[in-house]
Amino acid sequence: MPMQAQEIEELIRASFPDAEITVEGNDGVHMAAMVVDASFKGKNRVQQQRAVYAALKGKMDGPNGDLHALALTTKAPD
């Protein structure tokens, strides 16, 4: 079953409660998200994105995952 933007935001918010999170996309399969969180300070982009993917709790795992593609942008606040 495809995931909706609200569900993706809720999963990310559970791990990053103070983050600025924007999730876009309306087909439930190919989505885009921006996550801005202070915990990303000092981490490289790969480390930041791995943390967000971990927050998705396996929803992107393999061909049977609920979420096929997520264009992810992460950064620490300015």
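Student: Which accessibility class does R13 fall in?
Tutor: This is a predicted model: local features need pLDDT of at least 70, side-chain atom pairs count only at pLDDT 80 or more, and totals for chains, interfaces and linings use all residues. Residues are numbered from 1 along each chain as its sequence is written, and side-chain values use heavy atoms, leaving out hydrogens and water. Buried means under 20% relative accessible area, exposed over 50%, and partly exposed in between (1.4 Å probe, protein chains only). R13 has 27% relative accessibility, so it counts as partly exposed.

Student: Which residue meets R13 in a salt bridge?
Tutor: A salt bridge needs a side-chain nitrogen of Lys or Arg within 4 Å of a carboxyl oxygen of Asp or Glu. The count by this rule is one. Here the N to O distance is 3.3 Å, and the partner of R13 is E9.

Student: How many helical turns separate R13 and E9?
Tutor: Helices (H or I, at least four residues) and strands (E, at least two) are DSSP runs, numbered from the N terminus. E9 is partly exposed, at 26% relative accessible area. R13 and E9 sit four residues apart in helix α1 (residues 5–15), so the separation is about one helical turn.

Student: In what order do the strands form the open sheet?
Tutor: Two strands pair if DSSP finds at least two bridges between them. β1 (residues 20–24) and β2 (residues 30–36) pair antiparallel over five bridges. β2 and β3 (residues 69–75) pair parallel over seven bridges. The pairing is mixed, and the order is β1-β2-β3.

Student: Which strands are the edges?
Tutor: An edge strand here pairs on one side only. Those are β1 and β3.

Student: What angle does the direction of α2 make with that of β3?
Tutor: Axes are lines fitted to C-alpha atoms, for helices over the stretch in contact (heavy atoms within 4.5 Å), and angles run from 0 to 180 degrees between N-to-C directions. α1 packs on the sheet, touching β1 and β2, at about 155° to β1. α2 also packs on the sheet, touching β2 and β3. Its direction and that of β3 make about 125°.

Student: Which residues of β3 point to the buried face?
Tutor: In a regular strand the side chains alternate between the two faces of the sheet. In β3, A69, A71, T73 and K75 point to one face and are not buried. The buried ones on the other face are L70, L72 and T74.

Student: Which residue in β3 is the bridge partner of V35?
Tutor: A33 has L72 as its bridge partner in β3. For V35, the partner is T74.

Student: Which residues touch the most other members of the largest nonpolar core?
Tutor: Such a core is a set of buried Ala, Val, Leu, Ile, Met, Phe, Trp, Tyr and Cys residues joined through side-chain atoms within 4.5 Å. This one has 18 residues, and the most other members are touched by I8, I12 and V35.

Student: How is the ring pair of F16 and F40 classed?
Tutor: Rings of Phe, Tyr and Trp (its six-membered ring) pair if their centres lie within 6.5 Å; planes under 30 degrees apart are stacked, over 60 edge-to-face, and the rest tilted. One aromatic pair is counted. With centres 5.3 Å apart and planes at 55°, the F16 and F40 pair is tilted.
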